[in-house]
Amino acid sequence: MKVLLLYPCFPKTFWSYDRFMEMARLKATIPPLGIITVAALLPSDWEIRFYDRNVGYETEADWDWCDLVILSAMQAQQADFHALIRESVQRGKKVAVGGPYPTSVPEDALASGADYLILDEGELTIPLFVEAIAHGQESGTFRATEKPDVTQSPMPRFDLLKLDAYFMMAIQFSRGCPFNCEFCDIITLYGRKPRTKDPAQTLAELQALYDLGWRSSIFIVDDNFIGNQRNVKRFLRELIPWMQQRQYPFTFFTEASVNLAEDEELLDLMAQAGFYSVFLGIETPDQDSLQVTRKQQNTRSPLIEACQKITQAGMLIYAGFILGFDGERRGAGSRIQAFVEATNIPQPMLGILQAPPNTALWDRLQKEQRLIRRSYDTLEVGDQNTLMNFEPTRPIGEIAQEYLQALWTMYEPTHYLRRCFQHCLAITANPRLQQNVHFPPGKGLWLIVQLLWIQGIWRSGTRSQFWRQLWQIARQKPQFLNMYLGLCAAGEHFLEYRSLARQRISKQLGYDPLSITVEESPLLAQPLEVP
Ligand code: B12
Ligand code: SF4
């Protein structure tokens, strides 16, 4: 069997870091771990050609060559995903799909003409698909009622990746999260019982990346790295000597719940293992909204203190924030802004609440007859700047305006640069790391040259701030130079992104909320009363 594995393009979003990628001569931030895991699960006698279309396109010869096209996608990639299904059908090729998007909404892929829907986690469903193919089955849907034991998951085919096209590499240690946030589909997709790999299995994956020559940052893509605290500590205790023996060839970034700050031992182990950064789902500083969305883990201790503990443990904080929870009080956008100013989180990811299909939030809103459409169906994007897919409890015009005002102000260049600087100063230096962030070899120099030109010479508004802060970082925190320069360069992306967000929100509303006052908003309908 000759298989063409394709990973669809992402639209321009918060996460695409387009200008940064151009400046660093990179193509994408992170490789698609799902589809290279699928590649490892296919029979060894199947021939494979793989393209991450965010990095490079397949050729006519590849289309002619293949018998079967296999696609993986998350919802945000739906435009290119459906185009590829239709293209395969038009060319008379069989097409099989899987991954989070088809698993959440299988009917979409069927409607576009997919022949095989291989849903849920591939470790359990690919064998069913392979068997069906062996029996000459022309189509089918393959589902799993159980969650696989990830200790049996194969080594992802890292060898298929063009390593020098990516900013980071990715590995996974665990799947699933013990919490119960109402809007989250991690728990529906991967379950509430975190399943972890063996430390030795994960170290073998790191060794494979090391042997392929990777010497830069690695994203541990768990949606909650600390979901199983006992096992994660076991892993970290083995990772520390592994990293020491190799003189810290990587630095790590991961996602964790805020209760990380409550566990000093865990923070210390992460620092010793070379973690330079963590993404936290903070969502909102409003305690009532956190209760409404069942995010109790964020209410147990003060959030600002939690952030301080994490920076003191040596980690840069990335964080997600959401507007639009039920019962949210006016001014939530300003309160998020104030929180971001207080913690100096450089790159807050601010979004408007969506109810993804198959979540507790979706089910509740359906019962309350408040769903307007499915999430992410309005635009070409599945991102933070899509208005909510349900009727909120306060006027949508007010939410949209607070959203854009907060985003616009937070990513105003002087504010952004100041936060990058202050945050780097606040992070405790980790004596084990020479630099917290490694730039991929050969890319860093080019990135810095362009950055110095754009922010150090060309842009007059922040020129003196840029040099002053750079000088202080070089003197006081030389270990943070790469991190600081990387953050400054990413600012070029966010400057474009805030304008894009403004255009997109204005298009959905039919007016630009930044050019009028809240009271003038045509969408200030009566707020919805929810019992
Ligand atoms: C890394 C990651 C990213 C990276 C993307 C990197 C990349 N190139 O893939 C970045 C940071 C860019 C990203 C962004 C976003 N992401 Co994301 N992301 C993840 C994350 C944390 C890990 C993905 C991963 O590598 N997993 C590891 C692999 C091994 O697991 P897997 O992909 O699920 O693959 C398994 C199965 O799904 C299946 N499978 C996968 N593909 C296929 C294909 C076939 C044919 C078969 C048979 C099986 C199969 O088998 C695999 C092995 O079991 C997941 C959550 C998670 N824990 O998985 C969210 C997740 C995929 N992201 C999600 C979302 C919502 C987003 C954003 C929209 C967030 C936002 N609000 O902006 C953006 C969208 C993109 C954008 N705006 O640019 C959702 C997707 C929901 C959905 N139903 O589609 C997820 C599930 C998290 C969540 N619930 O919030 N993301
Ligand atoms: S902590 Fe994060 S991954 Fe876990 S349920 Fe809440 S939002 Fe989902």
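**Entry 1: the ligand shell**

Before counting anything, I noted that a helix here is a DSSP run (H or I) of at least four residues, numbered from the N terminus, and that a residue is near a molecule if one of its heavy atoms lies within 4 Å of it. I also reminded myself that this is a predicted model.

With that settled, I asked which helix gives the most to the shell around ligand 1. I found that helix 2 does, with four residues.

I then looked at the whole shell and found 42 residues surrounding ligand 1. The closest are Ser 72, Glu 123, Asp 185, Tyr 190 and Gln 384. By type, the shell divides into 22 nonpolar, 12 polar and eight charged residues.

Next came the polar contacts of ligand 1. I saw a nitrogen atom of the ligand 2.2 Å from an N or O atom in the side chain of Asp 185. An oxygen atom of ligand 1 lies 3.2 Å from a polar side-chain atom of Arg 175. At Pro 100 the partner is a polar backbone atom, 3.4 Å from a nitrogen atom of the ligand. I also listed the elements that give two or more residues to this shell: helix 2 (33–41), strand 3 (68–72), strand 4 (94–98), helix 5 (100–104), helix 7 (122–134), helix 8 (186–190) and strand 10 (217–223).

**Entry 2: back to helix 2**

I wanted to know which residues of helix 2 are buried. They are Leu 33, Ile 35, Ile 36, Thr 37, Val 38 and Ala 39. I followed their packing and found strand 1 (2–7), strand 2 (47–52), strand 3, helix 7, strand 7 (169–171) and strand 10 against them.

**Entry 3: salt bridges**

Side chains of opposite charge can pair when their charged atoms come close. I counted how often that happens here as a salt bridge, and the structure holds 36.

I picked out Arg 195 and Glu 121, whose side chains meet at 2.8 Å, N to O. This pair links distant parts of the chain, 74 residues apart: Arg 195 sits in strand 9 (residues 195–196), and Glu 121 in the loop between strand 5 (116–118) and helix 7. Are these two residues buried or exposed? I found both Arg 195 and Glu 121 buried.

My next pair was Lys 233 and Glu 265, which meet in a salt bridge at 3.0 Å. Because Lys 233 lies in helix 10 (residues 229–245) and Glu 265 in helix 11 (residues 264–273), the pair ties together parts that are 32 residues apart in sequence. Lys 233 has 13% relative accessibility, so I marked Lys 233 as buried. Glu 265, at 41%, counts as partly exposed.

I also checked Glu 341 and Arg 419, a salt bridge at 3.8 Å. Glu 341 belongs to helix 14 (residues 332–343) and Arg 419 to helix 17 (residues 413–426), so parts 78 residues apart in sequence are tied together. Glu 341 is partly exposed at 30% relative accessibility, whereas Arg 419 is buried at 0%. Elsewhere I found salt bridges with shared partners that join Glu 182, Asp 326, Arg 364, Glu 368 and Arg 370 into one network.

**Entry 4: Asn 259**

Last, I looked up Asn 259, in the loop between strand 11 (251–256) and helix 11. Why does Asn 259 count as buried? The relative accessible area of Asn 259 is 7%, and the cut-off for buried is under 20%. The side chain of Asn 259 makes a polar contact with the side chain of Ser 257 at 2.5 Å. Leaving out residues up to four places away in sequence, I noted that Asn 259 touches Phe 179, Ile 226, Gln 229 and Arg 300.

Notes:
Residues numbered from 1 in each chain as written. Chains lettered and ligands numbered in written order. Predicted model: local features only at pLDDT ≥ 70, side-chain atom pairs only at ≥ 80, totals over all residues. Heavy atoms only, no water. Polar contact = N/O pair within 3.5 Å; in protein donor to acceptor, adjacent residues only side chain to side chain. Nonpolar A, V, L, I, M, F, W, Y, C, P; charged D, E, K, R; others polar. Buried < 20%, exposed > 50% of the residue type's maximum accessible area, 1.4 Å probe, protein only. Contact = heavy atoms within 4.5 Å. Salt bridge = Lys/Arg side-chain N within 4 Å of Asp/Glu carboxyl O.
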